[in-house]
Amino acid sequence: MVRQNKSFGHFFVPLLTTLVIIVSPVIAQQQPTPPPPTPDPQIEAPKDSKSDQAPSKPDEAIGKSKLEQETGTVNDRIFAVLPNYGTVETAKVLQPLNSGQKFRLATAGVFDWGAFGFNGALSAIAQARNDPQAWGQGWGAYGKRYGASFADNSIGTYMTTAVFPSLLHEDPRYFQMGKGGFSHRFVYGWSRLFVTRTDSGSMRFNYSESIGNAAAAAISNIYHPAEDRTAARNATTLGFLILYDGLSNELKEFWPDIRRKLFHKTSP
């Protein structure tokens with residue numbers, strides 16, 4: 001996730017503001033629909049042997065790629081650009097992920113084409129702010145900032161999506177709530193920073209989020225300049241990493257609503 005903390009606010013605060021402006025009226029306008037009529041359990045519909053043999057309709061909330069099919073997720077790109085791996089939109093009960101699948105989800109997000117442009121934008125903002133100052137200006141300095149951003153992003157993603165979820169048997173997928181009022185879903189998105197599912201299906205504190213981001217912040221000292229290797233910078237980086245993941249959850253939660261409102265698409 002985002003590891004250039006000073007560039008973070010300039011990129012995501014306007015995005016979050018736009019999210020609230022677009023989504024909250026949409027949620028408020030949604031009217032509850034009456035439940036479908038429940039069939040009389042004493043009446044059994046006649047069986048049609050042909051219909052019984054017909055293949056079931058594929059779940060549109062699950063993507064078509066092998067990784068999406070195996071993990072029950074859908075890479076429903078946010079604004080058709082930002083990668084959205086690990087998001088669960090389907091209501092089906094899913095099997096737990098094995099370690100290989102967790103690492104494959106992390107790898108897909110790190111090396112997605114949208115991530116390269118995303119890191120490039122963050123690096124450009126850091127270049128304009130001359131952050132860190134020790135790297136100066138010029139294409140060489142931009143290359144260092146891009147490398148640091150890509151390394152931060154990659155390490156953080158692997159730590160919170162693959163390494164610690166595998167060690168601690170936690171599920172790194174984001175399970176959308178999808179229904180309910182704006183405030184309830186908004187709080188749900190942030191709460192996933194602290195509450196997660198385990199591989200056995202129970203709920204507990206999200207250790208992978210906290211420990212994984214702390215590990216990523218610590219490792220970043222290896223390639224950041226000496227002036228940035230301070231406890232204050234590490235604490236700030238950790239805070240922004242968690243903040244970014246929270247904003248990412250909000251985009252995952254409300255993107256289907258934005259997609260329907262702006263692009264008139266009812267499915268990914």
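Throughout this tour, a residue is called buried when its relative accessible area is under 20%, exposed when it is over 50%, and partly exposed in between, judged with a 1.4 Å probe and protein chains only. You are looking at a predicted model, where local features need pLDDT of at least 70, side-chain atom pairs count only at pLDDT 80 or more, and totals for chains, interfaces and linings use all residues. Residues are numbered from 1 along each chain as its sequence is written, and side-chain values use heavy atoms, with hydrogens and water left out.

**Stop 1: helix α9**

Start by selecting residues 231-263, which form helix α9. Helices (H or I, at least four residues) and strands (E, at least two) are DSSP runs, numbered from the N terminus. The expected span of a helix is 1.5 Å times one less than its number of residues. For the 33 residues of α9 that gives 48 Å, and the end C-alpha atoms lie 45 Å apart, which agrees.

Now zoom in on F254, where α9 bends by about 50°. The bend at a residue is the angle between axes fitted to the seven residues ending there and the seven starting there. Look a little further along for a proline, P256, which follows F254 within four residues. Just past the helix sits H264, with a positive phi near 55°.

**Stop 2: the nonpolar core**

Which residues make up the largest nonpolar core? Select I78, L82, F118, L122, Y244, L251, W255 and I258, eight residues in all. A nonpolar core here is a set of buried Ala, Val, Leu, Ile, Met, Phe, Trp, Tyr and Cys residues joined through side-chain atoms within 4.5 Å. Two elements, α5 and α9, each give two or more residues to this core. The most come from α9, which supplies four. As background, nonpolar side chains tend to be buried together in soluble globular proteins.

**Stop 3: salt bridges**

Next, show the charged side chains. A salt bridge is a side-chain nitrogen of Lys or Arg within 4 Å of a carboxyl oxygen of Asp or Glu, and this structure holds nine of them.

Stay with α9 and pick D257 together with R185: they form a salt bridge whose closest N and O atoms are 2.7 Å apart. R185 belongs to helix α7 (residues 182-191) and D257 to α9, so this pair ties together parts that are 72 residues apart in sequence. Buried or exposed, what are R185 and D257? Both are buried. Add E253 and R260 to your selection, and you have a network of salt bridges linking them with R185 and D257.

Then select K102 and D199, another salt bridge, with 3.1 Å between the closest N and O atoms. K102 is in helix α4 and D199 is in the loop between β3 (195-197) and β4 (203-205), 97 residues apart. K102 has a relative accessible area of 1%, so it is buried.

For one more pair, choose D171 and R173, whose side chains meet at 2.7 Å, N to O. D171 counts as buried because its relative accessibility is 6%, and R173, also at 6%, is buried as well.

**Stop 4: helix α6**

Select residues 139-168, the 30 residues of helix α6. Their expected span is 44 Å and the end C-alpha atoms are 41 Å apart, which agrees. Find M159, where α6 bends by about 45°. Just after the helix, H169 takes a positive phi of about 60°.

From G156, look across to V110: their C-alpha atoms are separated by 9.6 Å, though the two are 46 residues apart along the chain. V110 is in helix α4 and, with 0% relative accessibility, counts as buried.

**Stop 5: loops and surface**

In the loop between α5 and α6 you will find P132. The peptide bond from D131 to P132 is cis, with omega near 0°.

Move on to the loop between α3 (66-71) and β1 (87-88), which holds F79 and also A80. F79 has a positive phi of about 55° although it is not a glycine, and at 31% relative accessibility it is partly exposed. A80 has a positive phi too, near 65°, and at 55% relative accessibility it counts as exposed.

Finish with F111, in the loop between α4 (99-110) and α5 (113-128). At 47% relative accessibility F111 is partly exposed. Select V81, W113 and F116 with F111 to see a nonpolar surface patch of about 410 Å². Patches are made of residues with over 30% relative accessible area and no salt bridge, with like charges joined within 9 Å and nonpolar side chains (Val, Leu, Ile, Met, Phe, Trp, Tyr) within 5 Å. Accessible areas come from the Shrake-Rupley method with a 1.4 Å probe, and for residues only the protein chains shown count as cover.
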